[in-house]
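Here's a quick walk through one structure, with an eye on its metal site, one of its helices and its aromatic side chains. Have the 3D view open as you read.

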Amino acid sequence: MRPAPGSGPAALRERAASALLAARARTRALTTCVDERELVAQHSPLMSPLVWDLAHIGNQEELWLLRAVAGQEALRPELDPVYDAFEHPRAERPSLPLLPPREAHAYAADVRGRVLDVLERAPVEGGGPLLAGSFAFGMIAQHEQQHDETMLITHQLRAGPAALTAPEPPSAAPDAALLPAEVLVEGGPFTMGTSTEPWALDNERPAHPRLVASFFIDTLPVSNGAYLRFVEDGGYADPRWWRPEGWEQVRRHSLVAPLFWRREGGAWLRRRFGVTEPVPPDEPVLHVSWYEAAAYAAWAGRRLPTEAEWEKAARHDPASGRSRRYPWGDDDPTPEHANLGQRHLRPAPVGAYARGASPLGVRQLIGDVWEWTASDFLPYPGFRAFPYREYSEVFFGDGLKVLRGGSFAVDPVACRGTFRNWDLPVRRQIFSGFRTARDAEPV
Ligand SMILES: [Fe+2]
């Protein structure tokens, strides 16, 4: 496999510095577009106040880069328990003695200044596993970008007028209407996961062979228009399509459509970052739970792809037999390949990003919407927790479902063909959609 781009200490430091700077620019945009009252408010019991995320970003950066990597003393040891995500569930975070907004900004900036000094001298080659390939810096840049996605979810849940704006995404490619509905992925082994991607997290490792039987997968994510046919066919009133726990959710919360949708007169509207607008039929469906995705698939006579099927469709190149970093190849994502990085505040229409297609022609696997898979979040054979058990290992089991591919809200630094996200099957405030699959007839 071709080595990941940018090796050598100067290139590794440059890559780490620019990833950290990009993350901070995004954090600042998300935390300076509302006033201090909104920063300390809890906009939903599902989310932390934005000011908690801000200081937590700084605290994690201090823990890993100033203390673990550089061996420095704690700057503010009393902050550690306040910003420990495992100690306090989100619902109770507003009652903690949080740093006020100005102090939170100043603390995160103070840590960052010291980190950039550390990075200049850090032995990013030969400095042990935490530093190899500047991993710890990459892990912290990814952590900040993941919180930037979380903060964007908070913005979506926040009431009141729009605070964020962004240009519209590109439209569908001219050939979109001519694409086949599904493609056949031939059965056989492929390489799942990675052992070479320098900033891959522990749960993506190691690379290992995985045997997958032949299957068909949708060329495009399921659109709002397609999902609306399920809604209007009485999908939310028919227990045949639902897992028992999903049906329980439908009944208990009187669900009739994806989160943020409402019917007014004869039209379906949705709320998106403070703006109410007609549901666009050609956009990938967004804000559906795993149960809703699985119910739609059952209604359509199909199923969700397994995680291995999704990754094979996204990475396996039938011509070379090798797994690529991304569907389009090994090059890092550009705005031509995928809708990532909060450049746009919505998914692009289905059929966009022709240059991001896989060798078999599957589109929008990366970016736009996270895609629910059928699979539970489990370790790969040979998994080793690194650098701490709480990153992944404590979440393995049958209670959480894997999502793949990243959304418009994810930065490229935290999105790869191997990247694994996970969440509870009831979650729908996240930027989640899906595509469907089916078994291929044995030949
Ligand atoms: Fe965190």
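His56 is tucked away in this predicted model: its relative accessible area is 3%, which makes it buried. His147 is buried too, at 12%. What do these histidines hold on to? Together with His143, they coordinate the iron ion, each through its NE2 atom, at 2.1 to 2.2 Å. Along the sequence, the donors follow the spacing H-x86-H-x3-H. His56 sits in helix α3 (residues 50-69) and His147 in helix α5 (residues 135-157), so this pair ties together parts that are 91 residues apart in sequence.

Now for helix α1. This one covers residues 9-32, 24 residues in total. From first C-alpha to last, α1 reaches 34 Å, close to the 34 Å expected at 1.5 Å a residue. Which of its residues are buried? The list for α1 is Leu12, Ala16, Ala17, Ala19, Leu20, Ala23, Arg24, Thr27, Leu30 and Thr31. It's worth keeping in mind that an α-helix has 3.6 residues a turn, so residues three or four places apart point the same way. As for what covers the buried residues of α1, the neighbours include α2 (36-40), α3, α4 (101-121) and α5. Two of those names should ring a bell: α3 carries His56 and α5 carries His147.

On to the aromatics. A search of the whole structure turns up 28 aromatic pairs, and here are two of them.

| Pair | Centre to centre | Angle between planes | Geometry |
|---|---|---|---|
| Tyr227 and Trp261 | 6.4 Å | 80° | edge-to-face |
| Tyr236 and Trp242 | 5.2 Å | 55° | tilted |

The Tyr227 and Trp261 pair links distant parts of the chain: Tyr227 belongs to helix α6 (residues 224-232) and Trp261 to strand β5 (residues 261-264), 34 residues apart. Are these rings buried or exposed? Both Tyr227 and Trp261 are buried, and the same goes for Tyr236 and Trp242.

There's also an aromatic cluster to look up in your viewer. Its members are Trp64, Phe86, Phe377, Phe383, Tyr388, Tyr391, Phe395, Phe396 and Trp422. Trp64 falls within the residue range of α3 (50-69), the helix that also holds the iron ligand His56.

Last stop: charges over rings. Lys401 puts its charged end over the ring of Trp290, 4.5 Å from the centre. Arg438, meanwhile, lies over the face of Phe216, and there the distance to the ring centre is 4.0 Å.

Key:
Residues are numbered from 1 along each chain as its sequence is written. This is a predicted model: local features need pLDDT of at least 70, side-chain atom pairs count only at pLDDT 80 or more; totals for chains, interfaces and linings use all residues. Side-chain values use heavy atoms; hydrogens and water are left out. Donors are N, O and S atoms within 2.8 Å of the metal (3.2 Å for Na, K and Ca); water is not among the atoms, so sites may look incomplete. Helices (H or I, at least four residues) and strands (E, at least two) are DSSP runs, numbered from the N terminus. Buried means under 20% relative accessible area, exposed over 50%, partly exposed in between (1.4 Å probe, protein chains only). The expected span of a helix is 1.5 Å times one less than its number of residues. Contact means heavy atoms within 4.5 Å. Rings of Phe, Tyr and Trp (its six-membered ring) pair if their centres lie within 6.5 Å; planes under 30 degrees apart count as stacked, over 60 as edge-to-face and the rest as tilted. A charge sits over a ring if NZ of Lys or CZ of Arg is within 6 Å of the ring centre and within 35 degrees of the ring normal.
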